[in-house]
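Visitor: I have a model open at the bench and would like a short guided tour. Could you take my questions one at a time?

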Amino acid sequence: MTPRNVPAKLEHFIAGAPTPSDDGATFEVADPVTNRPYATVAAGAPQDIDHAVTAATRAFTEGPWPQLPARARARILDNIADGIEARAQRIAELETFDTGLPITQARGQAARAAENFRFFADLTVTLHEDAFRTSEQFGYVIRKPAGVAGLITPWNTPFMLATWKLAPALAAGCTVVLKPAEWTPLSASLLPEIMTEAGLPDGAFNLVHGIGEVAGAALVAHPRVPRISFTGETSTGRTIMAAAAPHLKGLSMELGGKSPCVIFADADLEAAIDSALFGVFSLNGERCTAGSRILAERTIYQDLVSRLATRAERIRVGDPADPKTEIGALVHPEHYARVLSYVQAGLDEGARLVAGGSRPPAQPAGNYLAATVFADVEPWMRIFREEIFGPVVCVTPFTTEADAIALANDTAYGLAAYLWTADLARAHRLAGAVEAGMTWINSHNVRDLRTPFGGVKASGLGREGGAHSLDFYTESRIVHVPLAGARVPRFGA
């Protein structure tokens, strides 16, 4: 179902005003249910990025935003949260239409977006600066906003993840240039109105649409953008790191994942199955933290595979706008073809397909794939080793705790891990041994915004969340003051 009043043209937003591309270039964007174009989008080029960075730099050096007291900034952040909440249904409708996410999950993402701003509004007024005292010297820290922050966001939950970066960057006193994902630009088109209505000064928030290899690359390479926050593929992260190196930019990058969900025989199997299915099939499987490798203790392996397959076959795949839908349409035909190629790779390499693997009969068109479960997956197979980013999960048996750890770590990635066991001592042992930036024990992915979010190995660089985010968007400077006469060795006296 197409929402009402979907804009047919999306422009940049620079220095407080809608702005076309300098060269007039555009690209088309389509919805994933029909794959028909619904709008033309301004295609940002390096000159458009430069205009946005110039506006953001002026707002940083001449405007009030970085100098505002924390409480004044917090009021505006709360106003932004109010604006998001007032448009929550509209945001969810546009997100569902543009990404193919089920509407119930899109509503949750809209609520999270508002909470991101409220959380960082609260945090910025309570953030303290350290002081250090010895018998001879007193030192205190001054925390300063870093400058213009370049924010590059992905297509899987675009509005929420944009706010996850915007809220701390603005809370820290930075000005920003946002480059949304080109496949899903629609919900970001609501941000200019929200920001202006909230009282954010012109130029503090700028938005440039465009292709990642052009607009995103120009933002990363711009010499007046000292901070880059990126969420997306690991290969793109490597490119960004190389491009940022000449300017020694600060980077925060949440990249790919191939997270294990380890289930021992003593676990609450019903709860573990609920969590495992939700963890890989929610958000259409297009989530970095998906537990896409289920590792099951051998004594329960066959029973677990059977139960997972039965439940997966019952998962409702259909119109993203239908509240009963549990898996909607994958975001784009290119991505859909990529996910299907992994299904074929699993079959070709000898994994046992026990559920899904093809288009549901009731969905003759659109980017639909039934919830797919592969069993007997070996660690050398591509579906075990590579990020699929779709509704596909592989199940592999293990015999001992050491086997489970080895299999969990047998990946280039290290974003998340999920451990299911009644033996808490074992759970703590595994939590220390499994290479993951975030681990949940007997739980699914429940986020606490105060905690560090990020991965190890190929899953990322840096941490965001809570004070970690504000640390990234600020610079800490130390000032030393002597408490008594300085005793300095007298060279050449």
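Visitor: Which side chain of opposite charge is nearest to E297, and how far away is it?

Guide: Happy to start there, with a predicted model in which local features need pLDDT of at least 70, side-chain atom pairs count only at pLDDT 80 or more, and totals for chains, interfaces and linings use all residues. Residues are numbered from 1 along each chain as its sequence is written, and side-chain values use heavy atoms, leaving out hydrogens and water. E297 is buried (under 20% relative accessible area, 1.4 Å probe, protein chains only) and has no salt bridge, that is, no side-chain nitrogen of Lys or Arg within 4 Å of a carboxyl oxygen of Asp or Glu. With Lys and Arg counted as positive, Asp and Glu as negative, and His and the chain ends not counted, the nearest opposite partner is R426, at 4.9 Å.

Visitor: Which residues is E297 in contact with, beyond its neighbours within four places in sequence?

Guide: E297 sits in strand β14, residues 293-297; strands are DSSP runs (E, at least two residues), numbered from the N terminus. Contact means heavy atoms within 4.5 Å. On that basis, the partners are I263, F264, A265, F398 and T399.

Visitor: What share of the 493 residues in the protein chain is buried?

Guide: The same cut-off used for E297 applies here. Buried residues account for 56%.

Visitor: What is the radius of gyration of the protein chain?

Guide: It is taken over C-alpha atoms, and the globule rule is 2.2 Å times the number of residues to the power 0.38. The C-alpha trace spans about 80 × 60 × 40 Å along its principal axes. Because a compact globule of 493 residues would have a value near 23 Å, the chain agrees with the rule at 24 Å.

Technical notes. Buried < 20%, exposed > 50% of the residue type's maximum accessible area, 1.4 Å probe, protein only. Helix = DSSP H or I, 4+ residues; strand = E, 2+ residues; numbered from the N terminus.
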